[in-house]
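I opened this model to practise reading a structure step by step, and I kept short notes on each place I looked up.

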Amino acid sequence: MKRQEITVNGLTIELCGETLELATLRRAANPGVAAWVNNPAPASMWSVQLVDAEGRRAELTSAKAAKADVSVASSGVATLVWRDVRGQDARDASATAAVDVMVTVAPGDVTGQAMWRIRVDNRAPAWTLWQVVFPTLAVVPGGDGSADEFYYPDGWGRRFKGLANMTDLHRRASRGWDWGMQLVAYVRPDGLLTLATLDESCSPKSFHLVRRDLDPADAPADTIAAKRVELSVTHFPEDMTVGGNSFSSPYPVAVAAVDGDWFDACQLYARWARRQPWAVTPAHAPLPKPPAAGRVAREVHCWHVLQVPDKPVETHLAQLQKLADALDIDLAAQVYNWHQVPFDVSYPDYFPVRPETLPVLTGLRRLGIRSLPYINGRLWDINAPSWTDRQAERFCVHYSAQRVNPRTLFPYLEEYGSGQKLSPMCPATDFWRATVVDLCRRIVGELGCDGVYIDQIAAEKAELCFSRDHGHAPGGGRFWLDGYRKLLREIRQAVGPDVLLTTECNWEACLADYDALLSWAWFVPDAEVPMFPAVYAGLGQSFGCVWSKEDVQRNDGRVFAHKMARLLVWGAQLGWGDLTLLLDQPRRPLLDFMRRLCALRRQHVSTFALGRMLRPPTVTDDTAAPAEPPVQAGLWQTPDGDARQLFVVNPSPLPRRAMLRFDNQSLLVELSSLHAEVWAV
Ligand SMILES: [Zn+2]
């Protein structure tokens, strides 16, 4: 079969056949590095799906092109064109979909990185382009794959260790709950392959990791394994449901084959990510970005979760007084159940408040504890009185079956354990934004609170909304993030610049707009990696993690101490949860530990607010029993870039000795029980 090669910026792509299937992808002039893609059978680097008004579907790939060409311009940009790609529904061949496809591969920022873009021109007005999958790269493992690792941006960042442990992932992006950034990294002993969508608009898309084990008979002789993991990205165009829509990717997919590991993958991504408007410029611009001193002043060191009214008001306030005295730092409280409606019921009809709420909030103010009541930033209960009174259904996200000009759109409904049906609302609508703005205005103005916790905005994905009445194109596009950024601008106009605003989970696009992102959900010590702070430390802030009464009360509170230690070395604000549990006399060592962590964080707050996280040290603990929480270590660069600080925490109630390795240094540290230290290194 005819084969031809193109090389773009150190990345060699081998194409085969008349229709330019992807054969191999490898680093140019690196004979010691095996190919990253080595397809034994022709494989299309893209696929597109179209549907028509009768619900017929056509799946098109490069194999169905009438003609294909490739050329490389003097600029180094390669252009691949497939013309007249045709196909029918497999069950009904009475209509034909037809597209032309163009892929460009342009040099990236570093040798080995290339920017891939796709354009799909839909030539059949009776068909609507529903999705574009591009690129599809079947990655060859290193040897038997046992030393390979795969990294993905779930929470702090997650890792599969070993090919055998890599399971299929299909994740919608961006979604702080489990896909807060736009990159993945496959690490082999001989290098690193990263795939990232550099999409400032954060349009809806999906990332996929799929096991594609070959029949051993088909495995090429020059590789040991017949196993593959296929990486791909699904893009959702604008004007889905509109016949004849096309897609021209407004953002590149950056593919890089370079030396390095997960931290290097994060730094490469950071070169782009740390320049994005949502990372550096709050939505309420043209107000200038808060000066550094302002950002440090806005830091909260420790968070408490307060449930109104799980105990008498006087008990709340007496315990909080003791807590504030014991921790001796500025506390903030995230306030739940301040409203008369039950949790996750009748949103957004939060007012009127419970009778206990105002005395609790007044008491918090007196104690100097900042209060941020909970609201949900995206859900409306379809049985709330206001759903019908205000005809809210007009402004909820409208879903559609896959077809051209569907007759019926429908609200999507979610459940969260309250037994109620809650509908996500479209942030492109003035109606929904005005609803959230009014809640924030009342919480700050009527209740006198210091801020608002706006749930789910960073946690949940940009939805495909098919309404034709919301002022945005149906389907994909940038309206979701644009709507949320406009919402933040409108909230700031209503409540002023000093009010604290927080939201749920690590979605990169909320970094500049919110004072902190609640990292509550994740604690899987062996699988989690601090990818998010490795990219974004110094530009935004995370806070807290979920912990239970048992974490504090069982086994001398080892789990609680482990969680807090990790928050500190990864730069997050501490706490979140009912900290008054620490006031019980048997918990005194934990309370003292928490006080030490808070003091250390306050002392070095400018580093955590404005500095950079450096490659974390490796920790070898030679004193601990396997059940002991391991020593935690983080290496940070100060904001001026002149100094490095090593934070080390022993979360165990036993003394510990551990070897820390970073750069080319080794450091043996001995730590007393429940202890934290910082060294300049
Ligand atoms: Zn909409």
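I began with Asp328, which is exposed because 11 other C-beta atoms lie within 10 Å (a residue is buried if 20 or more other C-beta atoms lie within 10 Å of its own, exposed if 12 or fewer, and partly exposed in between, with C-beta atoms placed from the backbone). Asp328 lies in the loop between helix 4 (313-327) and strand 22, and its phi is near 60°, a positive value in a residue other than glycine. For the names I note that helices (H or I, at least four residues) and strands (E, at least two) are DSSP runs, numbered from the N terminus.

Before going on I wrote down that this is a predicted model, in which local features need pLDDT of at least 70, side-chain atom pairs count only at pLDDT 80 or more, and totals for chains, interfaces and linings use all residues. Residues are numbered from 1 along each chain as its sequence is written.

I then looked up Asp556, where phi is near 55°, again a positive value in a residue other than glycine. Asp556 sits in the loop between helix 10 (549-553) and helix 11 (558-569), and it is partly exposed, with 18 other C-beta atoms within 10 Å.

Next I checked peptide bonds, and found that the one from Phe351 to Pro352 is cis, with omega near 5°; Pro352 belongs to the loop between strand 22 (331-336) and helix 5 (357-367). The bond from Phe134 to Pro135 is also cis, with omega near -15°, and Pro135 is found in strand 11.

That led me to strand 11 (residues 127-139), where 13 of its 13 residues are buried. Strand 11 pairs with strand 5 in the antiparallel sense over six bridges (two strands pair if DSSP finds at least two bridges between them), and Val133 is the bridge partner of Ser47. Strand 11 also pairs with strand 18 (residues 229-235), antiparallel and over six bridges, with His235 as the bridge partner of Val132.

Following strand 5 (residues 47-52), I saw that five bridges join it to strand 6 in the antiparallel sense, and that Val51 stands opposite Arg57. The two strands form a hairpin with four residues between them, and Gly55 in the turn has a positive phi of about 80°. How enclosed is strand 6 (residues 57-61) by the rest of the structure? Four of its five residues are buried, so strand 6 is largely enclosed.

Farther along the chain I looked at an open sheet of four strands in the order 33-35-36-39, with antiparallel pairing. Its edge strands are strand 33 (612-613) and strand 39 (675-680), each pairing on one side only. Strand 35 (residues 632-637) and strand 36 (residues 644-650) run antiparallel and are joined by six bridges, and Ala633 stands opposite Val648.

Last I looked at helix 7 (residues 430-445) and helix 8 (residues 479-495), whose axes come within 9 Å and cross at roughly 30° (axes are lines fitted to C-alpha atoms, for helices over the stretch in contact, and angles run from 0 to 180 degrees between N-to-C directions). Helix 7 and helix 8 are therefore roughly parallel to each other, since angles under 35 degrees count as roughly parallel, over 145 as roughly antiparallel, 65 to 115 as roughly perpendicular and the rest as oblique.
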